[in-house]
Amino acid sequence: LQWADPLSLDLIESLTTDSENKSLLFIGSYRDNEINEMHQLTVQLHSIESKHVSINKIKVGNLSKEYVNELISDAIQTSPQLTHSLANAVYRKTSGNIFFVLEFLKSICNEGFLYFSLKFNQWEWNIPLIESKNTSANAVDLMLCKMKQFPEDVQSALKLFSCLGTDCEECILSLIASGDGIDEFGCTDMMSSLEFSIEEGLLDYSDSIYKFVHDQIQIAAYSLIPETDKKKYHLWIGNQVWANESALSEKAIFVTVGQLNNGKMLITEEHQIIELIRLNLQAGGKSMSLGAFAPASFYLEAGISLVGSFSWKEQYDLHLRLYESYAEAKYCTGEFEEINKVVNEILANAKCLDDKLGAYFTLVTSLNAQSKTQESTKVGLDILSSLGEPMPVHLDMKATGIIELKKTKHILEGKTDDEILTLKALGNNHKIAAMRLMYGLALGCFFDRRDIYVWLISKMVQISISDGICKESAFAFATFSALMAT
């Protein structure tokens, strides 16, 4: 859970604090040494507890010497009374860390210090040799020692795989395995090497996905790559996946962009930089469509950092699309201060009103979300005026709203259901933008400015009748009928 994104944690909180859900047991695990009081997970756990949800915390530490003995006894099918000497030696070397215990047992088996005697038909061990064996202080060093004993081709395959994270689809790995220039990385048969790693217990394979059995193994494999070469690895992998993206799953775009971003310092050609910017924009948009707003922000930030080497004049369209999408992503993650900075950047550089509309929509929506109705209404009404839909300025806005309500009712009186159902689609872009903006304003004005709310709903219906319907028209007609019923 220490790696969970904010939206996933929000979902967990929503599920666990639902008072109507009486039959849910949620079990989660996290490393307490990787979080502090300011960590999002800690904040979320405190929030759940404040809502009177019972949380039972079980601290999972190292195994005791007795449990290590039970584990070894069970593993080698030998009476626990007979395995004390081995268990004591293993415990002294590992302090009961379960990961270390298992890997240490594998290593002493491989080195012949623990072996099955065919002569006596039982497991035997050499305590002096086990005691003399050096052990690593952490999991990464332990796995490094193990990997360095593997054939060079296996090490090379693990290094390439580690660049992709803790898991990867088989189709992507197969593509990389057959990529041009893979021999430069010392890898001649990547898939066979991965199978060897599975047999050695480093990887799992299930549902066409290869996965490191532990994140520390991935970290160890990645550390085999010299720091000076890591960007080269990432760039090569990114280019291989990108060149064959059309033949892969939708996830390939994220693999491509992630790898190319990690190797971007080696990209010097201007057209390649521009293409990477476009890929980050595409990945950001795809993440937004999947509801993954934090990753979307990451990709869009990467695109913005790259496009910063060009002026708005040189790459106007890319600047505009990146900043618009980034503002929307920040709205979805509730980072309102950042939205203001991004919107100001767009408004300072956009060429025309049409290019500013996306920023204004996000600004109005974010102000509403912060309950800043007065500010959102002022901004929204100013833009409506620019779009040709000015609101009359009267001291008695309540009377103005009633006049528009009656006017709208009169327009509808001569309309049959068939005439309304067959209204043409709204084609005027400024009218469409006005309808979208009125919809956003109406949501904010419902409680605080009913006078403006009535005017907005009436105008939306009038535009739908006179100019055509859009998706906001359904809201307008339904809400207008509610107004007429009150």
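This is a short tour of the structure, one selection at a time. Keep in mind that the model is predicted.

**Stop 1: the largest pocket**

Select Gly28, Ser29, Tyr30, Ile58 and Val60. Of the 47 residues that line the largest pocket, these lie nearest its centre. Now add helix H1 (6-16), helix H2 (40-50) and H5; each of these elements gives two or more residues to the lining. The pocket holds about 1800 Å³ of space. Which classes of residue make up its lining? Colour by class to see 22 nonpolar, 18 polar and seven charged residues.

How is such space found? Rolling a probe the size of a water molecule over the atoms shows where empty space is left.

**Stop 2: the second largest pocket**

Move to the second largest pocket, with about 640 Å³ of space. Its lining counts 19 residues, and those closest to its centre are Leu164, Lys251, Phe254, Val255 and Tyr299. Select strand E3 (167-169), helix H13 (252-262) and helix H15 (293-307) next. Each supplies at least two residues of this lining. Which element gives the most? Look at H13, which contributes four residues. By class, the lining has 11 nonpolar, five polar and three charged residues.

**Stop 3: helix H10**

Select residues 190-199, which form helix H10. Show the side chains of Met190, Met191, Ser193, Leu194 and Ser197; these are the buried residues of H10. Look down the axis. The buried residues cover an arc of only 160°, so they sit on the same side of H10. There is a general pattern to recall here. An α-helix has 3.6 residues a turn, so residues three or four places apart point the same way.

What do the buried residues of H10 pack against? Show helix H8 (152-162), helix H9 (170-177), strand E4 (203-206) and strand E5 (209-212), and you have their packing partners. Then step just past H10 to Gly201, where phi is positive, at about 85°.

**Stop 4: strands E3, E4 and E5**

Stay with E5 and show its side chains. They alternate along the strand. Tyr210 and Phe212 point to one face and are buried. Ile209 and Lys211 point to the other face and are not buried.

Now bring in the neighbours of E5 by pairing. E3 and E5 run antiparallel and are joined by three bridges. To see one partnership, select Glu169 and Ile209 in E5, which are bridge partners. E4 also pairs with E5 in the antiparallel sense, over four bridges. Here, select Leu203 and its bridge partner in E5, Phe212. E4 and E5 form a hairpin with two residues between the strands. Click on Asp207 in this hairpin: its phi is positive, near 50°.

**Stop 5: two serines in loops**

One general point comes before this stop. Most residues other than glycine have a negative phi. Select Ser95, in the loop between helix H4 (84-94) and helix H5 (98-110). Its phi is near 60°, a positive value. Is Ser95 buried, partly exposed or exposed? Ser95 is partly exposed, because its relative accessible area is 43%, and partly exposed covers values between 20% and 50%.

Finish at Ser371, in the loop between helix H18 (353-369) and helix H19 (373-386). Phi of Ser371 is also positive, near 60°. Its relative accessible area is 61%. Exposed means over 50%, so Ser371 counts as exposed.

Methods
Residues numbered from 1 in each chain as written. Predicted model: local features only at pLDDT ≥ 70, side-chain atom pairs only at ≥ 80, totals over all residues. Heavy atoms only, no water. Buried < 20%, exposed > 50% of the residue type's maximum accessible area, 1.4 Å probe, protein only. 1 Å grid on protein atoms, 1.4 Å probe; cavity = no way out; pocket = protein on both sides within 12 Å on 5 of 7 lines; lining within 4 Å. Points joined across faces, edges and corners; volume = space filled by probe spheres on them. Nonpolar A, V, L, I, M, F, W, Y, C, P; charged D, E, K, R; others polar. Arc of directions from axis to C-beta. Contact = heavy atoms within 4.5 Å. Pairing = 2+ DSSP bridges.
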